[in-house]
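This report looks at how two chains are arranged, where they touch, and where the backbone departs from its usual habits. The sequence and structure come first, and the discussion follows.

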2 protein chains.
Amino acid sequence: MTMHSFEQLITSFEMRFKVRHFPEQPATLYDPSQYILGIGGKRVRPVMCLMGNELFDHIKDAAWEVATAVELFHNFTLIHDDIMDQAPLRRGMETVHTKYGTNTALLAGDVVMIMAYEYLRKVDPVLLPSILTVFNKTALEVSEGQQLDMDFEKRDSVLLSEYLEMITLKTSVLIAASLKMGALIGGAGEGNAHHLYEFGKYLGIAFQVQDDYLDAFGDPAKFGKQVGGDIIANKKTFLMIHAMETAGEADRNRLLELQNYSGADKVSEVLKLFKKTGIDEWAMSLKNEYLEKAYDHLERIAVMNKRKEPLRELASFLVQRSY
Amino acid sequence: MTMHSFEQLITSFEMRFKVRHFPEQPATLYDPSQYILGIGGKRVRPVMCLMGNELFDHIKDAAWEVATAVELFHNFTLIHDDIMDQAPLRRGMETVHTKYGTNTALLAGDVVMIMAYEYLRKVDPVLLPSILTVFNKTALEVSEGQQLDMDFEKRDSVLLSEYLEMITLKTSVLIAASLKMGALIGGAGEGNAHHLYEFGKYLGIAFQVQDDYLDAFGDPAKFGKQVGGDIIANKKTFLMIHAMETAGEADRNRLLELQNYSGADKVSEVLKLFKKTGIDEWAMSLKNEYLEKAYDHLERIAVMNKRKEPLRELASFLVQRSY
């Protein structure tokens, strides 16, 4: 049986996903829901679900339903998060609440979530309870992550362990759960499904470390977002938290001072202190540490080694071993 | 087999529901979710589910799970509706967003909804897809009703047929669906389940006509809310829409003028015009018309007549034949 590359699956998913998922009327509600689905995204999560399935067996109908549910759920969180963050743009396009108003965006998010469950409903009844168990647990965790993120913004300091927990909940568990639900549909046993979940979880964390790293040290030409954006916004990232935890007292005070500074050299001043404390190398090794943990769990899954190749390719597409 | 009165079922449900439905941590997220559940409500919808089951068979475990899911879903809509309406109070208590802030309330609403699906998950896999079909359809319709309500607020005029559709979606279909899901759990066939759904739908509409009537003509001592509240807020109710549709040109212009008037006699002036056009009697007969439709469908359900007694009692508790 030939397996698919992640690029092939992205293309296949995109083709199926590119339909209207909502009734036509009332358009005032459903057009905003459909709008968010059209502004792109890498569709990594649904493809993880398909790949989780294909690691164990050919892709079943249920995997497409769950993949769609996962992508809808992800977009539901984007709509509501953008309201909470008062974000005007997403991927260069107007956010739903900017385009349609906050009240409609709130409700449009709700129906995207309900529609996710409508796709889950189509899963074979034998599998449905176990899929719903993973999905519901994950949906709650993602919400917890968002709440912790908002809580942390109001605090002066956050421990690295707390940030790790928050970012795991907010971004990694959905990747992990997508893989696991795919695995369950593919007929994986609990042990294999667990290792695939852990693979996704650690891959997600490594990706986030990389994202925080690139925000500070990335090549502006290659990195999609504004380099230094986290520093300008005083975000508590892996880098900033570790810098605050390990810098000497003078440097720590300087980092605190810089939070209230908005001069043009804010980013370069912070980066100078980051480099002085060796944050760039620390972040690289932290990322590799999580990547190793991810690969470790992938190794421990009891299927033919070559079946894991597409997942390894996706992992190295998402997280580079070095820059 | 003895059946339960709706009062007994309210008491039983309240006892089971009065637990913490969410994890302890993070308390910043889950305490707000739990808070809304504690500020009361008649628990009519979950009891409808239990009664729908008991009309056909003794109450199954699944009915308690679905009843809980229905009550959670209802509270999810209350949290989000209160944000959209910027309502400071609900049943005399602070609304969730007033007490905890809008962002947390948004997220707290989301997790109440996810938890509703977590209760649904516990339903027997044989029944689960049909329960989810009804639940998801209803959840979308309730959202559509809320969106139409917001759309109508921005419009100068709304047809009675449009208001009827909006209010059916916003309030009646959840009552109807609660009864139908209970019926399915109780083993009802499609025909019986359909008639029970229609009974609930028309009962809900009759209740809404009564609510609109009491807001204008109710006894302030008996009616829970401020009499004339709809008139002060320029709400398009059954009464106002019909008055605008049937009044002579002079009276219609006077009603339009009164919308921009905020004197102490606004309510009494509008009521004068309502009475002049015979709105009070029209509303009474409209309510009775829907109540008759409801009872008609109840009659057509093929079970022993005396099994319907608790539902008749609940109906006449909710909607009086006269005042």
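In this predicted model, Pro26(B) sits in the loop that joins α1 (6–17) to α2 (27–37) of chain B, and the peptide bond that leads into it from Gln25(B) is cis, with omega near -5°. Chain A shows a cis bond from Gln25(A) to Pro26(A), also with omega near -5°, and Pro26(A) lies in the loop between α1 (6–17) and α2 of chain A. As background, most peptide bonds are trans, and most residues other than glycine have a negative phi.

Two residues that are not glycines have a positive phi, and the table sets them side by side.

| Residue | Phi | Loop | C-beta neighbours within 10 Å |
|---|---|---|---|
| Asn234(A) | about 55° | between α10 (229–232) and α11 (238–246) of chain A | 13 |
| Arg43(B) | about 60° | between α2 and α3 (44–54) of chain B | 20 |

With these neighbour counts, Asn234(A) is partly exposed, whereas Arg43(B) counts as buried, because 20 or more neighbours are needed for that class.

**How the chains are related**

Chain A is superposed on chain B by a rotation of 180° with 0.0 Å of shift along the axis, at an RMSD of 0.0 Å, and that is the relation of a two-fold axis. Within chain A, the C-alpha nearest this axis belongs to Pro125(A), which is 2.8 Å from it.

**The interface**

Contacts between the chains involve 33 residues of chain A and 33 residues of chain B. On the side of chain A that touches chain B, two or more residues come from each of α2 (27–37), α4 (61–85), α6 (102–120) and α7 (128–153), and α7(A) gives the largest share, with 14 residues. By class, that side holds 19 nonpolar, 9 polar and 5 charged residues. Of the interface residues of chain A, 100% are also interface residues in chain B, so the copies meet through the same surface.

One of the contributing helices, α6(A), has 19 residues and spans 28 Å from its first C-alpha to its last, close to the 27 Å expected at 1.5 Å a residue. This helix is mostly covered, since 17 of the 19 residues of α6(A) are buried.

**A buried residue in contact with both chains**

Ile83(B), in helix α4 (residues 61–85) of chain B, is buried, with 22 other C-beta atoms within 10 Å. Neighbours within four places in sequence aside, Ile83(B) is in contact with Leu106(A) from the partner chain, and with His97(B), Thr102(B), Ala105(B) and Leu106(B) from its own.

How values were computed
Residues are numbered from 1 along each chain as its sequence is written. Chains are lettered from A and ligands numbered from 1 in the order in which they are written. This is a predicted model: local features need pLDDT of at least 70, side-chain atom pairs count only at pLDDT 80 or more; totals for chains, interfaces and linings use all residues. Copies are superposed by least squares on the C-alpha atoms of residues with pLDDT of at least 70 in both. Two residues are in contact if their C-beta atoms, placed from the backbone, lie within 7 Å. Helices (H or I, at least four residues) and strands (E, at least two) are DSSP runs, numbered from the N terminus. A residue is buried if 20 or more other C-beta atoms lie within 10 Å of its own, exposed if 12 or fewer, and partly exposed in between; C-beta atoms are placed from the backbone. Ala, Val, Leu, Ile, Met, Phe, Trp, Tyr, Cys and Pro count as nonpolar, Asp, Glu, Lys and Arg as charged, and the others, Gly among them, as polar. The expected span of a helix is 1.5 Å times one less than its number of residues.
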